[in-house]
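Got your viewer open and a selection tool at hand? Let's take a walk through this model, stop by stop.

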Amino acid sequence: MTALPSSSQGSAPEPAGGLPRLRAALDGLPAYVPGRARAATGRTFKLSSNENPYPPLPGVLETAVAAAGSLNRYPDMTSAALIAELAEQLAVPADHLAVGTGSVGVAQQLVQATAGPGDEVLYAWRSFEAYPIVVGVSGARSVQVPLTGGEEHDLTAMAAAVTDRTRLILLCNPNNPTGTALRRDELLDFLARVPSDVLVVLDEAYREFIRDPEVPDGVELYRDRPNVCVLRTFSKAYGLAGLRVGYAVAHAPVAAALRKTQVPFGVSQIAQDAAVASLRSTEALAVRVAALVEERTRVTAGLRDQGWTVPESQANFVWLRLGEATVEFAARCEAAGVTVRPFPGEGVRITVAEPEANDLVLRVAGEFLAAR
């Protein structure tokens, strides 16, 4: 047998010429950091990705399995059944809806549709860590406005940061990772100050967990405001994080632009059918969300009783600002059998999960604070 050239044995050959030229916009682009996975051995609770600890809602798994029987076929690219269900439940026109691979997928489509090199996209920081990535990929410039001392959006500073280059404003409400939410009066005042040709996106991935009556429903705000778009997802409250399906509610021109920028057949038929079944399981959803909100209240109260400063969260997680102690705290949690999401030098985001996992976090937090 003839031996293969030595360059193919163990290592790749050196390229004959220069490397392919890639876009300069990718230089220095931050990589998305997923929540730390469960340990391969032992009992570990994963509280690092804002996942729902419950399995899919009743009937949803059976629907997904049935849809899997048609994996040899392309999914419905128009997501017609899901669009029809959303249109009915939200009381919006079908052509005001667009579906994508999770709300983050739709967010990327929005950036592609509105901003390019020389344009600006405005958002609070710290906020959802995918924002600088999807903006950077488009070649647009991120304008990050620091949160207030209370971990909230500084809408006054954000309004002042709008320029004639601003094309898109992302408002994460409730904000990930701090959990704080924008209230009606301040949001209405902000919207009144934004030029009508700048698209304002209300990212409501955690809408179902809101209990503050002063936090408005973004869909109600969008109705008479053509420059307002709402993002929602099935990944959190509905527990379909592994299927990647989310949607936008926007006026027809924006929704049409989203359909133009979508990945063809990006949302699988399994995801579409599971989402429809989830939307129809309203009572079970309400029970599960109520249980998580109750745990959120318990965890927040427990941490505050220990002496921690905890922002009022309207999401399914809580935030602890730890500064330089962030990594150490996350390591202590992992050693105790629970993973949280550290943002080094800033703080940790802790997903509210099953009571046993939350108890572990409270124990570690109390011991950590007592030892300092």
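Before the first stop, one term: a residue counts as buried when its relative accessible area is under 20%, and as exposed when that area is over 50%. Keep in mind too that this is a predicted model.

**Stop 1: a ring pair between strands**

Select Phe-343. Its relative accessible area is 5%, so by that cut-off Phe-343 is buried. Now turn to Arg-341, which lies over the face of Phe-343, at 4.4 Å from the ring centre.

A search of the whole structure turns up eleven aromatic pairs. Add Trp-319 to your selection and you have one of them: Trp-319 and Phe-343 make a tilted pair, 5.9 Å centre to centre with 55° between the planes. Trp-319 belongs to strand 9 (residues 317-321) and Phe-343 to strand 11 (residues 341-343), so this pair ties together parts that are 24 residues apart in sequence. Is Trp-319 buried or exposed? Trp-319 has 1% relative accessibility, so it counts as buried.

**Stop 2: Phe-329 and Phe-368**

Next, pick Phe-329 and Phe-368. They form an edge-to-face aromatic pair, 5.2 Å centre to centre, with 90° between the planes. Phe-329 sits in helix 11 and Phe-368 in helix 12, so the pair ties together parts 39 residues apart in sequence. Phe-329 has a relative accessible area of 0% and is buried; Phe-368 is buried as well, at 1%.

**Stop 3: along helix 12**

Stay with Phe-368 and show the whole of helix 12, residues 355-370. With 16 residues at 1.5 Å a residue, helix 12 should span 22 Å, and its end C-alpha atoms are indeed 22 Å apart. The buried residues here include Ala-357, Leu-360, Val-361, Val-364, Ala-365 and Phe-368. Some of that spacing recalls a general point: an α-helix has 3.6 residues a turn, so residues three or four places apart point the same way.

What covers the buried residues of helix 12? Among the covering elements are strand 1 (45-46), helix 10 (282-306), helix 11 (326-336) and strand 12 (347-351).

**Stop 4: a loop with Glu-346**

Go to the loop between strand 11 and strand 12, where you will find Glu-346. Glu-346 counts as buried because its relative accessibility is 19%. Leaving out residues up to four places away in sequence, Glu-346 touches Arg-126, Trp-319, Leu-320, Arg-321, Leu-322, Gly-323 and Thr-326. You may recognise Trp-319 from the ring pair with Phe-343.

**Stop 5: the largest nonpolar core**

Now select Ile-169, Leu-171 and Phe-234. These have the most contacts inside the largest nonpolar core, which has 58 residues. Helix 9 (residues 269-279) supplies the largest share of this core, six residues. Zoom in on Leu-171: setting aside neighbours within four places in sequence, its contacts include His-153, Leu-155, Met-158, Phe-190, Val-201 and Asp-203.

**Stop 6: Lys-236**

Which residue does UniProt list for "modified residue: N6-(pyridoxal phosphate)lysine"? The unreviewed entry names Lys-236. Look for Lys-236 in the loop between strand 7 (228-233) and strand 8 (246-249). With a relative accessible area of 16%, Lys-236 is buried. Not counting neighbours within four places in sequence, Lys-236 is in contact with Ser-49, Asn-50, Asn-52, Ala-205, Tyr-206 and Phe-209.

**Last stop: a cluster of rings**

Finish by selecting Tyr-123, Trp-125, Phe-128 and Tyr-131, which ring pairs link into a cluster.

Definitions and conventions
Residues numbered from 1 in each chain as written. Predicted model: local features only at pLDDT ≥ 70, side-chain atom pairs only at ≥ 80, totals over all residues. Heavy atoms only, no water. Helix = DSSP H or I, 4+ residues; strand = E, 2+ residues; numbered from the N terminus. Expected span 1.5 Å × (residues − 1). Buried < 20%, exposed > 50% of the residue type's maximum accessible area, 1.4 Å probe, protein only. Contact = heavy atoms within 4.5 Å. Core = buried A, V, L, I, M, F, W, Y, C linked by side-chain atoms within 4.5 Å. Phe/Tyr/Trp six-rings, centres within 6.5 Å; stacked < 30°, edge-to-face > 60°. Lys NZ or Arg CZ within 6 Å of the ring centre and 35° of its normal. UniProt positions renumbered as here; feature names shortened; annotations may be inferred.
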